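User: I should like to learn how descriptive terms are justified for a protein model. May I put some questions to you about the structure shown here?

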Amino acid sequence: MADIALPGNAEASVAATSRTKILRRLRFSEMVFRHLTRAAAILVLIILSGVIIALIKGSLPALQAFGFDFLIQERWNPVTEKFGALAPIYGTLVTSFIAMLIAVPLGLLIALFLTELCPMWLRRPIGIAIELLAGIPSIIYGIWGLFVFAPFLQRTLQPVLIDGFDNVPILSMLFEGPPIS
């Protein structure tokens, strides 16, 4: 954008000078913001790298004592000092996948409802309720699930899943054995 000041028009010249100062200030603040954002992103990567290094350093004694088999064996026998982390790793991956299978569609459907379908008078209360639920630490949900939800599922859903997937090749391995909480 170019401003042309005519010799006889002092107001236009003052306005052009004022606009130029504002644009310089905006460019400077944008440059500062860009550099601060880049520095914050680099800092996050450095912290993440530090966490990864600390985890690797902390796992070295177990890997040195039990070898790489520690990661690929599932037995855990303290008497014979044979340890394997495959069962906890597998359990973590499966439960995380199941949690995402439930949470992602539910979250997207709630967002779709709030933005497209929900009446205006109801949007704010539901949005506030969801934000309050997000503020509760996840350990509280875990304890609630362990003491309330798990016994309920053990009595109702697990027997049905165990019987229903008994003859299905891959799913029978996931849902075999007695119901546990």
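User: In which helix is Ile-143 found?

Analyst: Ile-143 is found in helix H5. Please note that this is a predicted model, in which local features need pLDDT of at least 70 and side-chain atom pairs count only at pLDDT 80 or more, while totals for chains, interfaces and linings use all residues. Residues are numbered from 1 along each chain as its sequence is written, and side-chain values use heavy atoms, with hydrogens and water left out.

User: What makes H5 a helix?

Analyst: Helices are DSSP runs of H or I with at least four residues, strands are runs of E with at least two, and both are numbered from the N terminus. H5 covers residues 138-155.

User: Why is Ile-143 called partly exposed?

Analyst: Buried means under 20% relative accessible area, exposed means over 50%, and partly exposed lies in between (1.4 Å probe, protein chains only). Ile-143 has a relative accessible area of 41%, so it is partly exposed.

User: Is Gly-145, in helix H5, buried or exposed?

Analyst: The relative accessible area of Gly-145 is 18%, so this residue is buried. Leaving aside residues up to four places away in sequence, Gly-145 touches Ala-150 and Pro-151; contact means heavy atoms within 4.5 Å.

User: What makes the nonpolar patch on the surface a patch?

Analyst: Patches are made of residues with over 30% relative accessible area and no salt bridge; nonpolar side chains (Val, Leu, Ile, Met, Phe, Trp, Tyr) are joined within 5 Å, and like charges within 9 Å. The nonpolar patch here includes Leu-133, Ile-143, Trp-144 and Phe-152, and its residues together have about 1200 Å² of accessible area. Such areas come from the Shrake-Rupley method with a 1.4 Å probe, and for residues only the protein chains shown count as cover. Helix H5 gives the most to this patch, with ten residues.

User: Why are H5 and H6 called oblique to each other?

Analyst: Angles under 35 degrees count as roughly parallel, over 145 as roughly antiparallel, 65 to 115 as roughly perpendicular, and the rest as oblique. The axes of H5 and H6 (residues 157-164) cross at roughly 45° and come within 3 Å. H5 and H6 are therefore oblique. In this contact, H5 supplies Phe-152, Leu-153, Gln-154 and Arg-155, and H6 supplies Leu-157, Gln-158 and Pro-159. The axes are lines fitted to C-alpha atoms, for helices over the stretch in contact, with angles from 0 to 180 degrees between N-to-C directions.

User: How do you know that Glu-30 and Arg-34 meet in a salt bridge?

Analyst: A salt bridge requires a side-chain nitrogen of Lys or Arg within 4 Å of a carboxyl oxygen of Asp or Glu. For Glu-30 and Arg-34 the N to O distance is 3.7 Å. By this rule the count comes to one salt bridge. Because Glu-30 and Arg-34 are four residues apart in helix H1 (residues 10-66), about one helical turn separates them. Side chains of opposite charge can pair when their charged atoms come close.

User: How are Glu-30 and Arg-34 classed by accessibility?

Analyst: Glu-30, at 48% relative accessibility, counts as partly exposed. Arg-34 is also partly exposed, at 41%.

User: What is the phi of Glu-81, and why is this residue called exposed?

Analyst: Glu-81 has a positive phi of about 55° although it is not a glycine. Glu-81 lies in the loop between strands E1 (76-77) and E2 (82-83). Its relative accessible area is 55%, so Glu-81 is exposed.
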